[in-house]
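Hi,

Here is the structure I said I would pass on. Have a look at it first, and then read my notes below.

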Amino acid sequence: MNTWVRGLTAAALTVPLVATAPGAEAEPAGKERVHMTVATAIKALPVAKEERAGYKRTKFRHWIDADRDGCNTRQEVLIEEAIEAPKVGPGCSLRDGEWRSYYDGKVTDNPRSLDIDHMVPLAEAWDSGAAQWDAKERERYANDLGSPRSLVAVTARENRQKADQDPSTWWVPSKDASCTYLVDWVATKTRWKLAIDQAEKNSLETRAAACPLTTRVSTEIAS
């Protein structure tokens with residue numbers, strides 16, 4: 001067991017087999033899986049100052065076609081998250097589907113109106129630990145189909161308003177989505193062993209206090 005998860009209680013850590021999302025590379029059996037209340041998960045995250053030096057978006061290669069089925073990561077997410085399955089045409093073109101952006105609750109049948117948001121933005125990931133990763137690890141992060149929380153299809157407007165902000169400066173506008181967004185953010189930071197800064201931690205704890213005490217984070221550690 002790696003040192004990052006060693007401090008977690010036995011009750012919080014299990015190692016089941018987990019289904020992999022379409023288009024994802026299969027994770028090796030025996031990966032650590034964290035399952036705990038969101039409040040406990042926030043406390044378990046390391047707190048550190050952020051460092052942006054050296055960041056370039058191009059250091060996170062995306063969108064790739066990992067399984068070489070003709071659909072890249074963006075298209076795989078759109079297919080997976082459609083509330084009405086689209087027809088897939090040549091070049092993985094998508095039509096006649098329907099999607100719901102949970103950030104703002106808007107429904108659309110136009111996939112071009114959607115962005116694929118990295119739940120924890122690439123720049124925020126860099127600030128929080130990804131600067132120490134090699135290029136392959138950053139590519140894995142940028143195309144993470146192994147967890148449904150890592151990448152989400154949302155309206156372009158909300159994605160661009162969020163940009164590279166963390167929860168201390170931006171929060172999902174739909175009140176009904178607040179606890180979901182909280183869990184998705186904390187789960188992604190936990191999955192990739194990324195740190196949080198103090199302002200981010202304060203915001204997460206405030207948001208967690210407004211969610212049911214039973215709100216839980218359950219995620220497989222990526223590496």
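A quick word on terms before I get going: helices and strands here are DSSP runs, at least four residues for a helix and at least two for a strand, numbered from the N terminus. By that count β4 covers 94-95 and β5 covers 99-101, and aspartate 96 sits in the loop between them. Please keep in mind that this is a predicted model.

First, the overall picture. The protein chain has eight helices and nine strands. It is 223 residues long, and 47% of them count as buried. If you take the contacts between residues at least 6 apart in sequence, 71% of them join residues at least 24 apart. The accessible surface adds up to about 11,200 Å², and carbon and sulfur atoms account for 50% of that.

Next, the backbone oddities. Most residues other than glycine have a negative phi, and most peptide bonds are trans. Against that background, three spots caught my eye.

- Aspartate 96, the loop residue from above, has a positive phi of about 60 degrees without being a glycine. Its relative accessibility is 46%, so it counts as partly exposed.
- Lysine 193 also has a positive phi, near 55 degrees, and is not a glycine either. You will find lysine 193 in the loop between α7 (178-191) and α8 (198-209). With a relative accessible area of 26%, lysine 193 is partly exposed.
- The peptide bond from histidine 62 to tryptophan 63 is cis, with omega near -10 degrees. Tryptophan 63 belongs to the loop between α2 (38-44) and α3 (73-81).

That brings us to α3 itself. At its start, a side-chain oxygen of asparagine 72 comes to within 3.1 Å of the backbone nitrogen of arginine 74. Further in, which residues of α3 are buried? They are Thr73, Gln75, Glu76, Val77 and Leu78. As for what they pack against, the buried residues of α3 meet β4, β5, β7 and β8 (151-155).

β7 turns up again in the second largest pocket, which holds about 200 Å³ of space. Of the 14 residues lining that pocket, Arg57, Asp117, His118, Asn159 and Ala163 are the closest to its centre. Both β7 (114-118) and α4 (122-127) supply at least two residues of the lining. The largest share, four residues, comes from β7. Sorted by class, the lining has seven nonpolar, two polar and five charged residues.

Last one: serine 128, which lies in the loop between α4 and α5 (135-142). Is serine 128 buried or exposed? Its relative accessible area is 8%, and buried means under 20%, so serine 128 is buried. The side chain of serine 128 reaches the backbone oxygen of glutamate 124 at 2.7 Å. Leaving aside residues up to four places away in sequence, serine 128 touches Glu50, Lys189, Leu194 and Ala195.

If you want somewhere to start, bring up the loop with aspartate 96, then go on to the cis bond from histidine 62 to tryptophan 63, and finish with the pocket lined in part by β7.

Cheers

How values were computed. Residues numbered from 1 in each chain as written. Predicted model: local features only at pLDDT ≥ 70, side-chain atom pairs only at ≥ 80, totals over all residues. Heavy atoms only, no water. Buried < 20%, exposed > 50% of the residue type's maximum accessible area, 1.4 Å probe, protein only. Contact = heavy atoms within 4.5 Å. Areas by Shrake-Rupley, 256 points an atom, 1.4 Å probe, with all protein chains shown as cover. 1 Å grid on protein atoms, 1.4 Å probe; cavity = no way out; pocket = protein on both sides within 12 Å on 5 of 7 lines; lining within 4 Å. Points joined across faces, edges and corners; volume = space filled by probe spheres on them. Nonpolar A, V, L, I, M, F, W, Y, C, P; charged D, E, K, R; others polar. Polar contact = N/O pair within 3.5 Å; in protein donor to acceptor, adjacent residues only side chain to side chain.
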